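Here are some exercises to work through with the structure open beside you. Try each task yourself before reading its solution.

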Amino acid sequence: MKLLLALLVGGLFAAGIYLIVRRSIVKLIMGLILLSHGANLLIFASGGLVRAQAPLVEAGALAPETPHADPVPQALILTAIVIGFGVVAFMMVLVSRAYMAVGTDDTDEFTGTDH
Amino acid sequence: MSALPILPVLIPLGTACLGMLGHRSLRAQQTVSVAGAVALLVVAVGLVARTATGEILTMDAGGWSAPFGITFVADAFGAIMVLLAAVTGLAVVVYSVASVDLPRKRFLYYPLTHVLLAGVCGAFLTGDIFNLYVCFEILLLSSFVLLSLGSERGQLEGAIKYVTLNLISSAIFLSASGLLYGTLGTLNMAHLSVRAAEAVAEGRGHVVTVVAMLFMVSFGIKAAVFPLFFWLPASYHTPPFAVSALFAGLLTKVGVYAIVRVFTLIFVHDTGYTHTILLWVAALTMVSGVLGAAAQTEFRRVLSFHIISQIGYMILGVALLTPLAVAGTVFYIVHHIVVKANLFLVAGVAHRIRGTSDLGRAGRVGVYASAPLVAILFMIPAMSLAGVPPLSGFWAKLILIRAALDERAYVYVAVALLVGIMTLFSMTKIWAEAFWKSPEVKEGESPAKADRTPMGMLAPIAVLAGITVAIGLAAQPVFEFSVLAAGQLLNPEVYVGAALGEAFVTPAQGGVEP
């Protein structure tokens with residue numbers, strides 16, 4: 001499972017970066033989405049993969065029964081997903097406005113202020 | 001425990017909320033916005049006054065004690081950064097009232113500015129690495145909107161590059177935080193410092209170094225260091241001048257702050273590797289920034305490249321990692337934020353008078369001929385940036401070069417001095433082309449008159465110029481404060497003791513004697 005996740009994370013990062021370096025701004029968004037998914041899964045994997053139960057403390061007990069899953073990485077991922085969602089939503093609007101202003105989705109044409 | 005360390009985050013957030021509630025009335029928004037910026041400045045001054053005694057203030061959010069909850073920590077370095085953010089924020093908000101156009105103001109320009117300030121102050125004060133990520137995202141999202149607000153073609157092109165590079169940086173930051181948690185089992189920065197030292201003692205130092213490099217790349221993109229700076233000159237010259245000034249003053253410095261924080265508090269076990277890379281990065285950043293500037297002919301693009309070269313000086317201090325060098329970094333940041341924001345504000349006034357920001361073209365009127373005061377107000381920060389005594393830039397460079405001499409890093413001394421001369425060259429180029437030259441006047445015609453510059457635009461520039469002169473003439477208190485901040489940065493056990501309690505301070509932690 002660990003190996004599978006590692007390959008998946010690596011694949012997502014590779015695909016994300018490949019899409020980002022393409023010239024199309026639509027593929028740019030796709031690439032950024034894949035990149036953030038890769039980062040989320042990486043947090044999940046690095047938090048440790050165990051066959052365990054939810055970290056709930058029984059009434060009267062002081063600690064959850066072991067083995068239990070670490071809730072912190074899951075909280076981090078939840079936060080990151082929400083932030084990533086907002087960012088992607090903004091990015092889509094930005095890209096569509098940029099497409100209207102420049103008239104092409106080719107990033108090589110986005111050089112109006114460079115000279 | 002007091003609420004003081006969290007107020008610099010709450011005040012701008014509250015101001016932004018009030019501004020959004022009153023979005024129908026521009027006058028109400030402006031009043032609330034200026035009042036909020038003044039309140040932030042007052043709190044920031046209080047914070048600096050409290051930390052100037054060497055005290056480190058902490059606040060556990062929600063009453064959850066560290067390292068389990070999120071802790072806000074205000075040490076001397078964090079406090080002075082908040083003060084600089086507050087000064088820049090107030091100057092930019094006042095400048096915006098007279099300079100930003102109505103449609104942008106109607107589209108919640110002021111609330112966005114305050115959300116940005118909240119993110120920046122949060123980044124300076126948080127004691128939790130994941131909370132730092134969240135603060136980065138807050139300031140990034142508001143900066144995305146501020147950058148693209150107005151939807152001019154140039155802005156959108158710049159915004160695409162800016163957003164993409166910063167999102168890649170965020171993804172790396174997020175991955176690095178996850179790996180750090182997986183390796184060390186905590187997110188509290190003080191606790192990370194303790195755990196990293198333990199991990200190195202157990203022989204797991206190489207894993208920590210790998211994570212350190214991920215952080216270096218991520219913060220390096222945000223700080224615009226060589227070779228990761230290309231988003232900056234592609235975007236900073238496109239939004240309104242007030243927005244440029246806010247970005248130029250604060251955003252890259254948040255990246256520098258993060259580098260200084262993690263590479264003095266957490267990743268200090270393998271300085272032969274990590275800090276040598278930083279040293280190289282510093283020199284290359286200085287050189288590539290200043291050479292890039294020499295090739296530019298647009299006012300704000302020249303200034304943008306100079307942000308990059310100045311970032312090199314700040315990184316040089318933290319790379320040398322001696323008490324004097326780190327004090328030099330703190331001093332340099334203080335000087336740089338004030339001066340850089342000011343130069344972008346002056347660029348706005350010059351654009352207004354000349355009708356163009358192109359240095360190659362003759363403007364409508366010569367700035368020096370029609371508005372000599374504006375020209376002088378440019379000269380002060382420009383000379384300060386180049387390091388001409390007795391302005392603040394001279395002392396900032398002097399401290400860093402002295403620290404490099406003490407370490408026998410003569411190559412870096414030479415680079416720093418040469419880059420200073422090249423900066424002077426760029427500034428005189430701007431002076432000659434944009435301020436000194438007047439368009440030719442045909443016989444029989446009277447020269448064109450410049451519009452009067454509104455007081456709302458001149459006052460912030462004059463105050464910021466006054467600050468750089470004041471720091472230059474009375475450098476000692478600022479230097480003493482920088483030394484105090486550097487002492488705290490180089491002795492992580494001080495920070496750890498304040499944030500977690502003395503029980504966590506272990507002998508495994510190496511501190512550098514001040």
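**Exercise 1.** Find which residues B:His351 is in contact with, leaving aside its neighbours within four places in sequence, and decide whether B:His351 is buried, partly exposed or exposed.

*Solution.* This is a predicted model, so keep that in mind throughout. Start with the position: B:His351 sits in helix α14 of chain B. Next, list the contacts beyond four places in sequence, which are B:Phe241, B:Thr356 and B:Ser357. Then count C-beta neighbours: B:His351 has 18 inside 10 Å and therefore counts as partly exposed. The cut-off for buried is 20 or more. To finish, compare sequence with space: B:Arg300 is 51 residues away from B:His351 along the chain, while their C-alpha atoms are 10 Å apart.

**Exercise 2.** Repeat the analysis for B:Phe344: which residues does it touch, not counting those up to four places away in sequence, and is it buried or exposed?

*Solution.* Like the histidine of the previous exercise, B:Phe344 belongs to helix α14 of chain B. Its contacts beyond four places are B:Phe241, B:Ser244, B:Ala245, B:Ala248, B:Arg300 and B:Leu303. The neighbour count is 27 C-beta atoms inside 10 Å, so B:Phe344 is classed as buried. For a long-range pair, take B:Tyr236: 108 residues separate it from B:Phe344 along the chain, and 10 Å separate their C-alpha atoms.

**Exercise 3.** Describe the largest nonpolar core: how many residues does it have, and which helix gives the largest share?

*Solution.* The core holds 247 residues. Inside it, the residues with the most contacts are B:Ile80, B:Val82, B:Ile315, B:Ala350 and B:Leu400. Helix α14 (residues 323–354) of chain B contributes the largest share, 21 residues. Now pick one of the well-connected residues, B:Val82, and leave aside its neighbours within four places: B:Pro8, B:Ala44, B:Leu47, B:Cys121, B:Phe124 and B:Leu125 are in contact with it.

**Exercise 4.** Work out how α9 and α11 of chain B pack: what is the angle, and how far apart are the axes?

*Solution.* Two packed helices are described by the angle between their axes and the distance between the axes. For α9(B), residues 205–223, and α11(B), residues 241–265, the angle is about 155° and the axes lie 7 Å apart. The two helices are therefore roughly antiparallel. On the α9(B) side the contact uses B:Phe215, B:Phe219, B:Lys222 and B:Ala223. They meet residues of α11(B) including B:Val254, B:Ala258 and B:Val262. Sorted by class, this contact has 8 nonpolar, 2 polar and 1 charged residues.

**Exercise 5.** Analyse the contact between the chains: how many residues does each chain give, and how do α2(A) and α7(B) cross?

*Solution.* Chain A supplies 31 residues and chain B supplies 28 residues. On the chain A side, α2 (25–46) and α3 (71–102) are the elements that give two or more residues. The largest share, 15 residues, is from α3(A). By class, this side has 21 nonpolar, 8 polar and 2 charged residues.

Now turn to the helix pair. The axes of α2(A) and α7(B), residues 153–184, come within 8 Å and cross at roughly 10°. The two are therefore roughly parallel. Among the α2(A) residues in this contact are A:Leu28, A:Leu35 and A:Ile43, while those of α7(B) include B:Ile160, B:Leu167 and B:Leu174. The contact divides into 14 nonpolar, 6 polar and no charged residues.

**Exercise 6.** Inspect the backbone of chain B: which peptide bond ending at B:Pro227 is cis, and where does B:Ala224 lie?

*Solution.* The bond from B:Phe226 to B:Pro227 is cis, with omega near -5°. A cis bond also joins B:Pro389 and B:Pro390, with omega about 5°. Moving on to phi, B:Ala224 has a positive value of about 60° although it is not a glycine. B:Ala224 lies in the loop between α9 and α10 of chain B, and it is buried, with 26 other C-beta atoms within 10 Å.

**Exercise 7.** Judge the confidence: what are the ipTM and pTM of the complex?

*Solution.* The predictor gives 0.93 for ipTM and 0.93 for pTM. Chain A averages a pLDDT of 88, and the mean for chain B is 89. In chain B, residues 508–514 have a pLDDT below 50.

Definitions and conventions
Residues are numbered from 1 along each chain as its sequence is written. Chains are lettered from A and ligands numbered from 1 in the order in which they are written. This is a predicted model: local features need pLDDT of at least 70, side-chain atom pairs count only at pLDDT 80 or more; totals for chains, interfaces and linings use all residues. Two residues are in contact if their C-beta atoms, placed from the backbone, lie within 7 Å. Helices (H or I, at least four residues) and strands (E, at least two) are DSSP runs, numbered from the N terminus. Ala, Val, Leu, Ile, Met, Phe, Trp, Tyr, Cys and Pro count as nonpolar, Asp, Glu, Lys and Arg as charged, and the others, Gly among them, as polar. Axes are lines fitted to C-alpha atoms, for helices over the stretch in contact, and angles run from 0 to 180 degrees between N-to-C directions. Angles under 35 degrees count as roughly parallel, over 145 as roughly antiparallel, 65 to 115 as roughly perpendicular and the rest as oblique. pLDDT is the predictor's confidence in each residue, from 0 to 100. A nonpolar core is a set of buried Ala, Val, Leu, Ile, Met, Phe, Trp, Tyr and Cys residues joined through C-beta atoms within 7 Å. A residue is buried if 20 or more other C-beta atoms lie within 10 Å of its own, exposed if 12 or fewer, and partly exposed in between; C-beta atoms are placed from the backbone.
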